[in-house]
Amino acid sequence: ALALGSASRGWRPVPLFNSCPGPDALVDNESIRAGLLDGASVLREAALAQAAPPAFVLDSRRTEGAVAPRRFDNRWVVFPQDFPSAARLLSSGIRRVLLVQDGRSEPRSDLAHVLLRWQRAGLEILSLDLAGEAPAAPITVAKPSRFRALGYRALVALGLRKSSAGGFGGVVPPPSTGGTGAMWA
């Protein structure tokens with residue numbers, strides 16, 4: 001709803017979701033899937049300008065969920081490669097970025113990797129907590145752990161299940177007994 005509201009103000013919603021449904025999924029993404037379907041007609045009617053600034057849309061619950069055997073692990077994270085570079089944003093005339101969240105003002109650690117790069121390149125980062133009463137305010141993004149580590153992408157992905165297609169999403173296997181290779185049901 002917030003993303004579609006931004007379209008009515010001239011912003012182009014850019015959904016960034018790297019998740020899929022599954023049996024007994026950790027992250028329930030059905031409301032997002034329904035919103036994408038319902039929102040498509042709203043966006044067609046919005047007649048946004050070709051140069052409309054982007055409004056990137058993420059699921060705040062993307063890394064949540066209790067991992068357990070036989071649960072479908074569809075958690076996901078974002079990487080700097082998922083977004084335009086700071087140079088691209090600056091060349092498009094974008095000088096400030098507004099982080100809008102509900103119940104927090106600091107970015108989650110995966111998004112902090114993106115925002116810190118943008119901040120270091122000269123973009124001003126502002127934050128708005130929808131649950132608070134304060135207006136949007138500039139923030140200084142703290143350096144997240146493993147910032148610019150060579151294997152950051154691999155380190156992050158190690159804790160998430162990968163699908164056979166290469167994206168996120170896979171069933172957590174039941175624990176095995178030591179050395180026998182047997183699986184307990």
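A residue is called buried here when its relative accessible area is under 20%, exposed when it is over 50%, and partly exposed in between (1.4 Å probe, protein chains only). By that rule, buried residues make up 31% of the 185 residues in the chain.

The model is predicted: local features need pLDDT of at least 70, side-chain atom pairs count only at pLDDT 80 or more, and totals for chains, interfaces and linings use all residues. Residues are numbered from 1 along each chain as its sequence is written, and side-chain values use heavy atoms, with hydrogens and water left out.

**Whole chain.** Start with a cartoon view. Helices (H or I, at least four residues) and strands (E, at least two) are DSSP runs, numbered from the N terminus. The chain has five helices and seven strands, in the order α-β-α-β-β-α-β-α-β-β-α-β from the N terminus. Of the contacts (heavy atoms within 4.5 Å) with a separation of 6 or more, 71% are between residues 24 or more positions apart. Switch to a surface: the chain exposes about 11100 Å², 56% of it from carbon and sulfur atoms. Accessible areas come from the Shrake-Rupley method with a 1.4 Å probe; for residues, only the protein chains shown count as cover.

**Helix H2.** Select residues 30-46. The 17 residues of H2 should span 24 Å at 1.5 Å a residue, and its end C-alpha atoms are 24 Å apart, which agrees; the expected span is 1.5 Å times one less than the number of residues. H2 has a kink of about 35° centred on Gly39, where the bend is the angle between axes fitted to the seven residues ending there and the seven starting there. Ala47, just after H2, takes a positive phi of about 45°.

**Salt bridges.** A salt bridge is a side-chain nitrogen of Lys or Arg within 4 Å of a carboxyl oxygen of Asp or Glu. The structure holds five of them. Stay on H2 and show Glu30 and Arg33, whose closest N and O atoms are 3.4 Å apart. Both lie in H2, three residues apart, about one turn of the helix. An α-helix has 3.6 residues a turn, so residues three or four places apart point the same way. Glu30 is partly exposed at 41% relative accessible area, and Arg33 is partly exposed at 40%.

Next select Asp24 and Arg71, a salt bridge with its closest N and O atoms 3.2 Å apart. Asp24 lies in the loop between strand E1 (12-15) and H2, and Arg71 in the loop between strand E2 (54-57) and strand E3 (72-73), so the pair ties together parts that are 47 residues apart in sequence.

Then show Arg62 and Asp110, with closest N and O atoms 2.8 Å apart. Arg62 lies in the loop between E2 and E3 and Asp110 in helix H4, so this pair joins parts that are 48 residues apart in sequence. Arg62 is buried at 3% relative accessibility, and Asp110 is buried at 4%.

**Helix H4.** From Asp110, extend the selection to residues 109-120. The buried residues of H4 include Leu111, His113, Leu115 and Trp118. After H4 comes Gly122, with a positive phi near 110°.

**Ser105.** Step back to the loop between E4 and H4, where Ser105 sits. Which residues does Ser105 touch, not counting residues up to four places away in sequence? They are Leu99, Ser127 and Ile139. Ser105 is partly exposed at 35% relative accessibility.
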